[in-house]
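Here's a quick tour to read with the model open beside you. We'll go topic by topic, starting with a term that comes up again and again.

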Amino acid sequence: MRGKLWVRLAPFLSKRYVSSSSSPSCSATQPWLFIGLGNPGEKYQSTRHNVGFDMIDAFAESQNISLTKNHFKALFGEGMVDGIPVLLAKPQTYINLSGESAGALAAYYKLPLHRVVVAYDDTDLPCGVLRLQPKGGYGRHNGLKSVIYHFRKNREFGRLRVGIGRPPGQMDPKAFVLQKFNKTGRERIDSAIKEGADILKLVVSKGLTEAARVANVDQKYKHLVSHDQQLL
């Protein structure tokens, strides 16, 4: 790691992760950047579209990382997890412009995109089901579309998809994602958020590929129901 990245993260890096050379250009363990997508403000708290924020909050709490800084249009925190530096961000741009923050953060810290994981809501998965992937498209998610655009259209970054189910009947998907969960849906999401925090910790310790292999097997047969997933 070089320049600003090394200087900024040096206080967090233990000696066993830094070369014995005094030169700041020497390599150290690259950090992970975990980004959760959502909308800022009390109005949007606990809505389906904000499960990415919920995921980052849960992981931050589990690792005693404070999200109190404002950094590149995001609430930001940094810490160590199993001796590895981790950066957490919740873009405050409103969800459809999330890439403005995500792209700037990845560029500032000079991170290869395989060290980035974006958590977001996904209507293509049943409520409470998670899927960890090393790359992919954006589906119908405009926030993820913005992230890809600001990553110079590079899709080779990790994503933690949080299933929220499909809108019922002819309901407008835009209205659906901005609503809060009912009791059953909230319980499933709260359980999934806890599981997701553990998955992110596994990403740090085992890497994205191995974490995905383990996590996706566990999630594969979760909530094998069709109509019950379309929760209001």
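Buried here means a relative accessible area under 20%. Threonine 93, at 11%, therefore counts as buried. Keep in mind that this is a predicted model. With that said, here's what to look at.

**Threonine 93 and its loop**
- You'll find threonine 93 in the loop between strand 4 (84-91) and helix 3 (98-108).
- Its side chain makes two polar contacts with backbone atoms: the oxygen of leucine 97 is at 3.1 Å, and the nitrogen of serine 98 is at 3.5 Å.
- Setting aside neighbours within four places in sequence, threonine 93 is in contact with Lys73, Ser98, Glu100 and Ser101.

**Lysine 73 and serine 46: positive phi**
- Lysine 73, one of those contacts of threonine 93, sits in the loop between strand 2 (69-70) and strand 3 (74-81).
- Lysine 73 has a phi near 60 degrees, a positive value in a residue other than glycine.
- With a relative accessible area of 51%, lysine 73 is exposed.
- Serine 46 also has a positive phi, near 70 degrees, and lies in the loop between strand 1 and helix 2.
- Serine 46 is partly exposed, at 34% relative accessible area.

**Asparagine 39**
- Asparagine 39 belongs to the loop between strand 1 (32-36) and helix 2 (51-62).
- At 6% relative accessibility, asparagine 39 counts as buried.
- The side chain of asparagine 39 reaches over to the backbone nitrogen of isoleucine 95, at 2.8 Å.
- Beyond four places in sequence, the residues touching asparagine 39 are Tyr44, His49, Asn50, Phe53, Tyr94, Ile95 and Leu178.

**Serine 146**
- Serine 146 is part of helix 4 (residues 142-150) and is buried, with a relative accessible area of 10%.
- Not counting residues up to four places away, serine 146 touches Asn96, Leu97, Ser98, Gly99 and Glu100.
- Serine 101 is 45 residues from serine 146 along the chain, yet their C-alpha atoms are separated by 9.8 Å.

**The largest pocket**
- Rolling a probe the size of a water molecule over the atoms shows where empty space is left.
- The largest pocket holds about 600 Å³ of space.
- There are 29 residues in the lining of the largest pocket, and the closest to its centre are His49, Arg140, His141, Asn142 and Val177.
- Strand 5 (116-122), strand 7 (158-163) and helix 5 (173-177) are the elements that give two or more residues to this lining.
- Sorted by class, the lining has 9 nonpolar, 10 polar and 10 charged residues.
- His49 turns up in two places: by the pocket centre and among the contacts of asparagine 39.

**Helix 6, end to end**
- How far apart are the end C-alpha atoms of helix 6? They are 34 Å apart, which agrees with the 34 Å expected for its 24 residues (183-206) at 1.5 Å a residue.
- At the N-terminal end, asparagine 182 acts as a cap: a side-chain oxygen lies 3.3 Å from the backbone nitrogen of threonine 184.
- After helix 6 comes glycine 207, with a positive phi near 95 degrees.
- The buried residues of helix 6 include Arg188, Ala192, Gly196, Ile199 and Val203.
- An α-helix has 3.6 residues a turn, so residues three or four places apart point the same way.
- Two arginines, Arg186 and Arg188, are among the buried residues of helix 6.

Conventions: Residues numbered from 1 in each chain as written. Predicted model: local features only at pLDDT ≥ 70, side-chain atom pairs only at ≥ 80, totals over all residues. Heavy atoms only, no water. 1 Å grid on protein atoms, 1.4 Å probe; cavity = no way out; pocket = protein on both sides within 12 Å on 5 of 7 lines; lining within 4 Å. Points joined across faces, edges and corners; volume = space filled by probe spheres on them. Helix = DSSP H or I, 4+ residues; strand = E, 2+ residues; numbered from the N terminus. Nonpolar A, V, L, I, M, F, W, Y, C, P; charged D, E, K, R; others polar. Expected span 1.5 Å × (residues − 1). Buried < 20%, exposed > 50% of the residue type's maximum accessible area, 1.4 Å probe, protein only. Polar contact = N/O pair within 3.5 Å; in protein donor to acceptor, adjacent residues only side chain to side chain. Contact = heavy atoms within 4.5 Å.
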